[in-house]
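Here's a quick briefing for anyone meeting this protein fresh. Have a look at the sequence and the model, then read on.

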Amino acid sequence: LQIGLTDLYLSVCGQPALNTRIVGGEEALPGSWPWQVSLHIYNHICGGSLINDQWVMTAAYCIPSLVTVYLGRQSQKGSNPNEVVRKAAQIVIHPDYNPGTSNNDIALLKLSKPVNFTSYISPVCLASSDSTFYSGVDTWITGWGTIGSGVPLSSPQNLMEVEVPVVGNRECKCSYGESSITDNMICARLQEGGKDSCQGDSGGPMVSKQGDRWIQAGIVSLGIGCAKPDYPGVYTRVSQHENNIYFENELLL
């Protein structure tokens with residue numbers, strides 16, 4: 001599909017108006033991550049990120065036939081005065097997505113109608129094909145997923161954020177096996193473990209700040225357990241798909 005970059009997108013992407021403080025592993029302040037979306041069937045199932053006024057990027061793993069998209073949401077149980085709700089009018093899954101290996105785990109959703117950008121709803125910038133995220137580069141993961149293996153998906157109530165550094169693919173392959181980690185993936189973890197994405201975070205953004213903008217480097221994809229020191233979180237590498245995602249000329253994946 002081709003979505004095309006617009007001047008409006010370039011002027012606002014990756015610059016949250018309200019992101020003034022970040023604390024790893026804690027509740028995110030409202031408006032800190034305005035591209036974060038929550039995908040629901042009956043309840044929250046996955047995260048995603050707004051990439052322009054009518055398209056959301058998520059993991060192919062997450063996509064059912066019917067999904068409701070919540071933008072500007074902070075709490076899964078409390079009130080959300082800044083929230084906008086849309087249905088998915090179109091779903092495009094990467095044609096080479098392999099559910100067995102999670103390779104090319106990326107999909108795009110077209111919203112039933114465009115959203116207006118606000119302090120609580122705005123797009124993230126996408127990593128370009130020549131982007132490099134070296135081992136040790138700090139990234140931030142956000143979502144409403146479980147806060148530990150075996151913890152009910154109903155928790156936490158509010159959007160959470162955690163900081164984890166990139167791990168090189170060579171090191172990641174040592175954990176998962178040479179053939180399991182492809183160039184279409186990027187990994188991140190703390191050496192000692194204890195911080196990670198988990199069930200329910202799938203499809204959500206992994207972002208890194210470059211200059212004054214937040215760039216989406218990855219999409220939450222897979223892992224063995226959560227926050228284990230020996231198993232990094234594995235993310236779809238967004239830069240590998242830049243040439244498949246455009247904004248106005250409709251070549252989406």
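**First look**

Asn-104 is buried, with a relative accessible area of 9%; buried means under 20% relative accessible area, exposed means over 50%, and partly exposed is in between (1.4 Å probe, protein chains only). This is a predicted model, where local features need pLDDT of at least 70, side-chain atom pairs count only at pLDDT 80 or more, and totals for chains, interfaces and linings use all residues. Residues are numbered from 1 along each chain as its sequence is written, and side-chain values use heavy atoms, with hydrogens and water left out.

**The overall picture**

- The protein has 2 helices and 16 strands; these are DSSP runs numbered from the N terminus, with at least four residues for a helix (H or I) and at least two for a strand (E).
- Of its 253 residues, 53% count as buried.
- About 10900 Å² of the protein is exposed, and carbon and sulfur atoms supply 47% of that; the areas come from the Shrake-Rupley method with a 1.4 Å probe, and for residues only the protein chains shown count as cover.
- Take the contacts (heavy atoms within 4.5 Å) with a separation of 6 or more: residues 24 or more positions apart account for 69% of them.

**The barrel**

- Going round in the order S3-S4-S5-S8-S7-S6, 6 strands close into a barrel with antiparallel pairing; two strands pair if DSSP finds at least two bridges between them.
- From one strand to the next, the twist averages 40 degrees, using axes that are lines fitted to C-alpha atoms (for helices, over the stretch in contact) and angles that run from 0 to 180 degrees between N-to-C directions.
- Strand S5 (residues 55-58) and strand S8 (residues 107-111) run antiparallel and are joined by 4 bridges.
- Within that pairing, Val-56 has Leu-109 in S8 as its bridge partner.

**The nonpolar core**

- A nonpolar core is a set of buried Ala, Val, Leu, Ile, Met, Phe, Trp, Tyr and Cys residues joined through side-chain atoms within 4.5 Å.
- The largest one here has 35 residues, and Trp-33, Leu-50, Met-57, Val-69 and Leu-71 have the most contacts inside it.
- Strand S3 (36-40), strand S4 (44-50), S5, S6, S8 and strand S14 (213-222) each give two or more residues to this core.
- S8 gives the most, with 4 residues.

**Salt bridges**

- The whole structure holds 3 salt bridges, each being a side-chain nitrogen of Lys or Arg within 4 Å of a carboxyl oxygen of Asp or Glu.
- Arg-73 and Glu-83 form one of them (2.5 Å, N to O). Both sit in the loop between strand S6 (68-71) and strand S7 (84-93), so the pair ties together parts that are 10 residues apart in sequence. Arg-73 is buried at 12% relative accessible area, while Glu-83 is partly exposed at 23%.
- Arg-189 and Glu-171 also meet in a salt bridge (2.5 Å, N to O). This pair links distant parts of the chain, 18 residues apart: Arg-189 is in the loop between strand S12 (185-188) and strand S13 (205-210), and Glu-171 is in helix H2 (residues 169-176). Arg-189 is buried, at 9% relative accessibility, and Glu-171 is partly exposed, at 30%.
- Glu-178 pairs with Lys-173 (3.4 Å, N to O); Glu-178 is exposed at 59%, and Lys-173 is partly exposed at 21%.

**Back to the S7-S8 loop**

- Asn-104 lies in the loop between S7 and S8, and its phi is positive, about 60 degrees, although it is not a glycine.
- Ser-102 is in the loop between S7 and S8 and has a positive phi near 65 degrees; at 14% relative accessibility, Ser-102 is buried.
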